[in-house]
Amino acid sequence: MPEAVQGITEVKPVSFEDTSIAFSSQSNSKLRKTYWLFSLMNHGWLVNLGTFFIKIALRLHLPIKFLIKNTIFEQFCGGESIRDCEPTIQHLHNAHVGTILDYSVEGEDTEKSFDDTTLEILRTIERASESADIPFSVFKVTGIASTELLEAVQLGDSLNKEQKVQFENVMKRVDSLCRRAYERNVRIFIDAEESWIQDTIDSLAYEMMDRYNHERPVVYNTYQMYRWESLDHLRRDTAEAQAKGYFLGVKLVRGAYLEKERLRSHEEEYQDPIQATKEDTDRDYNAAINFCLEHRDVISICLGTHNEESCQYCISQMKELGIKPDDPHIYFAQLLGMSDNISYNLANAGYNVAKYVPYGPVDAVMPYLFRRAEENKSIAGQSSREFNLVSDELKRRKNCRL
């Protein structure tokens, strides 16, 4: 485990305002295209209108894939296949940023589609094992299992014979992915999902950790800190990992299903699982950073966040505890096409950084792309922040006559 570092004052300061580093890998033409895209996404009504018409066009099989592929798909996805992602992997590598290949297809809920998705995720693990450029693999349990089945298991419903077979298949798929990651020395994230299936996902994750994390952190579970119980769960899970002698892999995120969670809790009249305020979420997120760093003898973490304050907070705590920027048990991660000012400036300062690189056929990843557009619109100031940073860099280049 990491030891304290002497001469910690020599660690580079990190400024997320340095656009010359943030966009150093983008040509003028690419940057102008990014500027155009975020300028459109900066208008919420336009995002809603565009999403509406794209959905209709796809439903009517109108020829708009070329337009999608060369705009929003190009910004937020690596390609339609792992091979298509290779230039992006190399591009990120040149800036000392890793890649997390994220197969983002949301297909039919059939056993065949679940098996096909499992095979594709196995391919991402194999690709990750070939190069240090890909520090993690990732999967969503709903990509390999029925949401209804996961919910039935969480509710403790009596499963019929067919459902029992299906859930046995789910456990086999999860194990095949985690076992392959262990065998290939690849770390693997299990993404968080809605609260009504999260307990089932958690149970699968901790079973896999107890199976494969005794020698090193392989399997990581995801903690959504916008849930008021997540910090207590992190403490509880750490105690269990210590008692059973395995490493706890932790990915910290804020959360992605706020509106859906609140609506469902209101409609079904149960306690809202979401924090009362954003300030409460920020408080628990930073408290979780503290807890993980203080227990780094057992916890390895990845901060999956676009929040600049939390990244700076983690940096300051690492300095205070004498932890080197490149400590292998601490990573930062952002989505491709977003928050390059965080990713590239952290990497330039020597911190471990990776980008989620979604991929898959254009049609199949559209739900993911719609969420990215909605996320940029709904996160306070996110599109404006991205737009202003790109605008600043274009002005800087013009002034430098680049």
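Let's start at strand β2, which spans residues 136-139 and holds F136. The model we are walking through is a predicted one. With a relative accessible area of 1%, F136 is buried. Its surroundings come from several places in the sequence: leaving aside residues up to four places away, F136 touches T99, I100, L101, R187, F189, Y220 and Y331. You can also check its spacing to I125, a residue 11 places away along the chain, where the two C-alpha atoms are separated by 8.1 Å.

Some of those neighbours turn up again when we look at rings. F136, F189, Y220, Y331 and Y356 are linked by ring pairs into a cluster. One member, F189, has a further partner: the charged end of K251 sits over the ring of F189, 5.2 Å from its centre. A similar arrangement involves R254, whose charged end sits over the ring of Y285, with 4.3 Å to the ring centre.

How many aromatic pairs does a search of the whole structure find? The search gives 9. Take Y182 and Y212: their ring centres are 5.5 Å apart and their planes meet at 40 degrees, so this pair is tilted. Because Y182 lies in helix α9 (residues 161-183) and Y212 in helix α10, the pair ties together parts that are 30 residues apart in sequence. The two residues can also be described by their accessibility. Y182 counts as partly exposed at 25% relative accessibility, while Y212 is buried, with a relative accessible area of 8%.

Another pair worth a look is F332 with Y351. Here the ring centres are 6.0 Å apart and the planes stand at 90 degrees, so the pair is edge-to-face. This pair links distant parts of the chain, 19 residues apart: F332 belongs to strand β7 (residues 330-335), and Y351 to the loop between α15 (340-348) and β8 (353-359). Both F332 and Y351 are buried.

Now let's turn to helix α12, residues 258-268. Its buried residues are E261, R264 and S265. Why do these three count as lying on the same side of α12? Because they cover an arc of only 100 degrees around the axis. On the other side of α12, the exposed residues E259, H266 and E267 are found. The cover over the buried residues of α12 includes α8 (147-155) and α10 (195-212). Just past the helix, α12 is followed by E269, which has a positive phi, near 55 degrees.

Helix α10 brings us to the empty spaces inside the model. Rolling a probe the size of a water molecule over the atoms shows where empty space is left. Searching the whole structure gives 3 cavities of 30 Å³ or more. The largest cavity holds about 110 Å³ of space. It is lined by 13 residues, and the closest to its centre are Q198, D202, T222, S230 and H233. Which elements each supply at least two residues of the lining of the largest cavity? They are α10, β4 (219-224) and α11 (230-244).

Helix α10 is a handy landmark to keep on screen. It carries Y212 of the tilted ring pair, is among the elements covering the buried residues of α12, and supplies at least two residues of the lining of the largest cavity.

Conventions
Residues numbered from 1 in each chain as written. Predicted model: local features only at pLDDT ≥ 70, side-chain atom pairs only at ≥ 80, totals over all residues. Heavy atoms only, no water. Helix = DSSP H or I, 4+ residues; strand = E, 2+ residues; numbered from the N terminus. Buried < 20%, exposed > 50% of the residue type's maximum accessible area, 1.4 Å probe, protein only. Contact = heavy atoms within 4.5 Å. Arc of directions from axis to C-beta. Phe/Tyr/Trp six-rings, centres within 6.5 Å; stacked < 30°, edge-to-face > 60°. Lys NZ or Arg CZ within 6 Å of the ring centre and 35° of its normal. 1 Å grid on protein atoms, 1.4 Å probe; cavity = no way out; pocket = protein on both sides within 12 Å on 5 of 7 lines; lining within 4 Å. Points joined across faces, edges and corners; volume = space filled by probe spheres on them.
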